[in-house]
Amino acid sequence: MELWQQMVRDSVHSVDQLVEKFGIDRTVAEGLDEFFQARINPYYLSLIREPGDPIWRQCVPDKAELDDMDGFEDPLQEDRMSPVPNITHRYPDRALFLTTSQCGMYCRFCTRKRKVGNSDKISMKELESAFKYLEKHTEIRDVIMSGGDPLMLTDVMLEKILKRLRSIPHIEIIRIGSKMPCVLPQRITQKLVDMIKKYHPVYVNTHFNHPWEITPESTKACEMLANAGIPVSNQAVLMKGVNDNAEVMRELFTKLLKIRVRPYYLYMADETRGANHFRTSLDKGLEIMQKLRGHTSGLAIPHFVIDAPGGGGKIPILPQYVLHRDEDRVVMKNYKGEIFVYREAHNGEAKPEINVPIEIVEKKNGNGSNGNGSNGNGSNGNGSNGSSKKPKNYKEKVEVTEVATSNN
Ligand code: SF4
């Protein structure tokens with residue numbers, strides 16, 4: 001047995017352990033065990049610094065889960081978009097392929113609790129119909145292996161799946177969605193990466209949520225993947241009491257870059273049954289994104305998205321940078337809250353004669369104009385030629401009524 005397998009075996013998982021280790025009331029622990037079992041391996045357990053900290057909240061069952069039975073079991077409607085067992089086909093050229101129900105840790109916020117945990121939730125026998133579907137649908141060029149966690153499979157089983165996928169000519173890209181580099185980095189062995197790299201191009205999407213998860217062990221795991229030519233990107237989830245803070249996020253994303261992991265997505269938490277206590281307001285996410293953009297390198301800034309309930313897919317959300325737009329100009333603010341104007345091109349040419357007076361009539365914080373009430377610092381500046389022929393719908397003045405700025 002490999003070290004990582006032994007560590008999975010040594011995980012905290014029983015009701016007795018929940019009572020003894022975390023002081024959870026026995027009746028509550030039994031309810032939690034029935035709802036979504038615990039699995040906290042010794043490595044991830046060792047990252048907890050104190051009760052209730054960001055690591056604890058992600059892995060230790062909480063009574064709040066049982067108080068929230070109104071949420072959705074399948075918020076992303078993955079099952080409705082599943083033409084055969086273990087495949088979700090939501091986007092035209094991509095398919096999600098669930099290969100196991102097991103994970104190196106059971107995250108309390110998991111969206112896929114209905115599929116994860118008991119080994120009978122995903123049957124290996126059913127993989128054949130999934131392969132057949134992938135073979136038949138020639139429009140699918142990108143397969144995302146997920147679960148559960150595909151790196152819970154043995155090297156032998158994983159290689160069988162990779163080999164079969166690689167035998168399908170139209171599949172160009174294979175992605176492995178795995179939290180193992182974060183929650184059980186001992187799983188990333190030289191033997192594993194040497195096997196995976198035979199099936200390139202293979203990408204790994206991993207899932208770090210807090211800077212404390214970046215340790216010498218997880219650093220080594222991510223570097224081994226990168227050294228094998230496997231690009232690694234990260235999908236984080238915004239969660240109350242875990243990472244709902246701009247400084248924490250900035251530290252997480254910049255540290256990920258240092259271990260050669262590209263921050264890719266930051267998700268709003270899904271409306272999942274038993275996990276609503278993790279959800280924050282959208283404003284919190286926007287505030288964090290606003291405090292990142294311009295303040296740190298673009299490589300460290302993920303796409304902020306909501307995975308739309310009902311199966312709408314990922315929808316990008318941006319702080320409000322465009323304050324006004326008409327056929328001649330776009331009025332924007334930058335990361336410092338300064339106002340700039342970009343002139344639209346007409347027949348391939350911007351109209352240099354058009355001056356754009358900007359008047360800021362109201363600010364959310366009630367301070368009035370921020371001092372650049374005409375053209376702002378970066379606009380086209382020379383306001384003397386307003387007598388030029390004006391285009392249709394030209395507005396003499398742009399009133400910007402919502403400028404949530406100067407708070408960066
Ligand atoms: S590793 Fe992924 S699938 Fe498994 S419990 Fe955590 S979030 Fe859910």
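In this short talk I will walk through the fold of one chain, then its ligand site, and then a few individual residues.

Please keep in mind throughout that we are looking at a predicted model. The chain has 408 residues, of which buried residues make up 37%, and its secondary structure comprises 12 helices and 16 strands. If we take the contacts between residues at least 6 apart in sequence, 77% of them join residues that are at least 24 apart.

Let me begin with the sheet. Nine strands form an open sheet with mixed pairing, and their order is E1-E2-E3-E4-E5-E6-E7-E8-E9. At the edges we find strand E1, residues 87–88, and strand E9, residues 313–316, each of which pairs on one side only. As general background, the strands of a sheet pair through backbone hydrogen bonds, and they may do so in either a parallel or an antiparallel way.

Both kinds of pairing can be seen here, and I will take the parallel kind to start with. Strand E3, residues 142–146, runs parallel to strand E4, residues 173–177, and 4 bridges join the two; within this pair, methionine 145 stands opposite isoleucine 176 of E4. Further along the sheet, strand E7, residues 261–268, and strand E8, residues 303–308, are also parallel, and they are joined by 3 bridges. In that pair tyrosine 267 faces valine 305 of E8. How is E7 linked with E8 into a unit, and with what handedness? The unit is a right-handed β-α-β arrangement, made by E7, helix H12 with residues 282–292, and E8.

The antiparallel case comes with E8 and E9, which pair over 4 bridges. Isoleucine 306 stands opposite isoleucine 315 in E9, while valine 305, which we have already met opposite tyrosine 267, stands opposite proline 316 on the E9 side. These two strands form a hairpin with 4 residues between them, and in this hairpin glycine 310 takes a positive phi near 90°.

Now let us turn to the ligand. Which residues surround the ligand? They are Cys103, Tyr106, Cys107, Cys110, Arg112, Val116, Gly147, Gly148, Asp149 and Lys179. Sorted by class, this shell contains 5 nonpolar, 2 polar and 3 charged residues.

One member of the shell, Tyr106, leads us to the interior, as Tyr106 is also among the residues with the most contacts inside the largest nonpolar core, a core that has 75 residues. Others on that list include Tyr44, Phe97 and Phe109. Once the neighbours within four places in sequence are left aside, tyrosine 106 is in contact with Phe36, Gln37, Ala38, Arg39, Val116 and Gly117, and of these Val116 belongs to the shell around the ligand as well.

Another tyrosine deserves a moment, namely tyrosine 43, which lies in helix H4, residues 42–45. Is tyrosine 43 buried or exposed? It counts as buried because it has 22 C-beta neighbours inside 10 Å, where the cut-off for a buried residue is 20 or more. Beyond its neighbours within four places in sequence, tyrosine 43 is in contact with Met7, Leu184, Gln186 and Glu217. The C-alpha atoms of tyrosine 43 and valine 8 are separated by 9.5 Å, although these two residues are 35 apart along the chain.

I will finish with some points of backbone geometry. Histidine 200 and proline 201 are joined by a cis peptide bond, with omega about 0°, and proline 201 lies in the loop between helix H9, residues 190–196, and strand E5, residues 202–206.

Two residues other than glycine have a positive phi, and I will take them one after the other. For asparagine 86 the value is near 80°, and this residue sits in the loop between helix H5, residues 54–59, and E1. With 23 other C-beta atoms within 10 Å, asparagine 86 is buried. For arginine 260 phi is near 70°, and its place is in the loop between helix H11, residues 246–258, and E7. Why does arginine 260 count as partly exposed? The reason is that 14 other C-beta atoms lie within 10 Å of arginine 260, a count that falls between the limit of 12 or fewer for exposed residues and that of 20 or more for buried ones.

Note on methods. Residues numbered from 1 in each chain as written. Predicted model: local features only at pLDDT ≥ 70, side-chain atom pairs only at ≥ 80, totals over all residues. Pairing = 2+ DSSP bridges. Near = placed C-beta within 6 Å. Nonpolar A, V, L, I, M, F, W, Y, C, P; charged D, E, K, R; others polar. Core = buried A, V, L, I, M, F, W, Y, C linked by C-beta atoms within 7 Å. Contact = placed C-beta atoms within 7 Å. Right-handed = clockwise from strand over helix to strand, strands pointing away.
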